[in-house]
Amino acid sequence: FNSNMANVARLSVRRHALPFIRTIRHYSCAKDESPTRLRIYTRTGDKGKTSNFAGQRLPKDDVTFEALGTTDELSCAIGLASEFSQEAKHDLSHILQDIQCILQEAASHIATPRSIATEKKLAQTEFSAKHVDKLEHLIDKMEDELPPLKNFILPSGGKTSASLHLARSICRRAERKIVPLYREGEIDQEVFKYINRLSDFLFVAARYTAKKEGKDEVIYHRVDSTD
């Protein structure tokens with residue numbers, strides 16, 4: 001679990017938002033600096049372990065942190081797509097930013113094992129089923145503007161579209177990383193459903209942005225091995 005995600009979590013706790021990790025922090029400051037100025041490094045993970053939001057100290061390659069790290073990677077990829085979307089001046093960037101915020105909530109949930117967390121922490125990290133409903137609505141709305149898909153397409157269609165296809169593939173990996181936690185009952189179904197539906201959204205959004213930007217999608221064709 002990388003230090004950036006850990007520190008974002010710490011700030012979330014301080015702001016009464018949705019935290020997804022609890023770690024004892026040790027911050028340093030120069031003699032002429034205020035002791036309230038926090039540094040990004042904590043030194044608490046230097047021996048290969050970190051904490052989930054329930055307070056467990058676990059190896060950094062634990063399945064929970066694999067899921068969290070991949071969710072973070074997914075958010076980064078969506079952030080890149082959002083930047084390309086803003087450059088192209090179409091209406092998807094604010095939706096992508098909202099999804100990044102929802103992924104933060106999903107990460108809070110993932111980092112809070114259902115089997116051992118307190119009632120207070122379970123309540124703090126509850127994930128709304130309405131997020132899934134909203135994704136499905138967005139998928140339907142975009143698909144209504146697209147021609148039927150009759151061929152396999154390759155990741156293409158301009159920078160925004162291609163970056164959304166990349167995010168889609170990372171989303172599928174995040175889903176695979178979350179499966180063990182879902183199977184063991186450590187996360188609720190709604191989080192798993194959201195990640196599953198998000199990959200569908202990203203695929204449709206990739207096609208949608210290609211159309212909006214007037215870019216051609218590359219159609220799969222069988223390559224002649226004799227050439």
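**Exercise 1. How are H2 and H3 oriented to each other: roughly parallel or roughly antiparallel?**

Solution. Keep in mind that you're working with a predicted model.
- Step 1: get the geometry. Helix H2 (residues 63-88) packs against H3 at an angle of about 170°, and the axes lie 9 Å apart.
- Step 2: apply the cut-off. Angles over 145 degrees count as roughly antiparallel, so H2 and H3 are roughly antiparallel to each other.
- Step 3: see who does the touching. On the H2 side the contact includes Thr 64, Ala 67, Leu 68, Thr 71 and Leu 74; on the H3 side, Ser 93, Leu 96, Gln 97 and Ile 99 are among the residues involved.
- Step 4: sort the contact by class. You get 10 nonpolar, 10 polar and no charged residues.

**Exercise 2. Work out the orientation, handedness and make-up of the H3 and H7 packing.**

Solution.
- Step 1: start with angle and distance. Helix H3 (residues 93-110) and helix H7 (residues 189-212) meet at about 150°, their axes 11 Å apart.
- Step 2: that angle falls over the cut-off of 145 degrees, and H3 and H7 are therefore roughly antiparallel to each other.
- Step 3: add the handedness. H3 and H7 cross in a left-handed way.
- Step 4: list the contact. H3 brings in Ile 95, Leu 96, Ile 99, Ile 102, Leu 103, Ala 106, His 109 and Ile 110, while H7 offers Val 191, Tyr 194, Ile 195, Leu 198 and Phe 201.
- Step 5: classify these residues. The split is 12 nonpolar, 1 polar and no charged.

**Exercise 3. Place Asp 188 and say whether it is buried, partly exposed or exposed.**

Solution.
- Step 1: find the residue. Asp 188 sits in the loop between helix H6 (159-183) and H7.
- Step 2: check its accessibility. Buried means under 20% and exposed means over 50%; at a relative accessible area of 34%, Asp 188 is therefore partly exposed.
- Step 3: look for neighbours. Leaving aside residues up to four places away in sequence, Asp 188 touches His 109, Arg 114 and Tyr 182.
- Step 4: try a C-alpha distance. Asp 188 and Phe 127 are 61 residues apart along the chain, yet their C-alpha atoms are separated by 8.0 Å.

**Exercise 4. Sum up the whole protein chain.**

Solution.
- Step 1: count the elements. The chain has 7 helices and 4 strands, in the order α-β-β-α-α-α-α-β-α-α-β along the sequence.
- Step 2: turn to burial and surface. Of the 227 residues, 44% are buried; the chain exposes about 12700 Å², with carbon and sulfur atoms supplying 51% of it.
- Step 3: finish with contacts. Among those between residues at least 6 apart in sequence, 69% join residues at least 24 apart.

Definitions and conventions
Residues numbered from 1 in each chain as written. Predicted model: local features only at pLDDT ≥ 70, side-chain atom pairs only at ≥ 80, totals over all residues. Heavy atoms only, no water. Axes fitted to C-alpha atoms, helices over the stretch in contact; angles between N-to-C directions. Helix = DSSP H or I, 4+ residues; strand = E, 2+ residues; numbered from the N terminus. Parallel < 35°, antiparallel > 145°, perpendicular 65-115°, else oblique. Left-handed = near helix turned anticlockwise from the far one by under 90°. Contact = heavy atoms within 4.5 Å. Nonpolar A, V, L, I, M, F, W, Y, C, P; charged D, E, K, R; others polar. Buried < 20%, exposed > 50% of the residue type's maximum accessible area, 1.4 Å probe, protein only. Areas by Shrake-Rupley, 256 points an atom, 1.4 Å probe, with all protein chains shown as cover.
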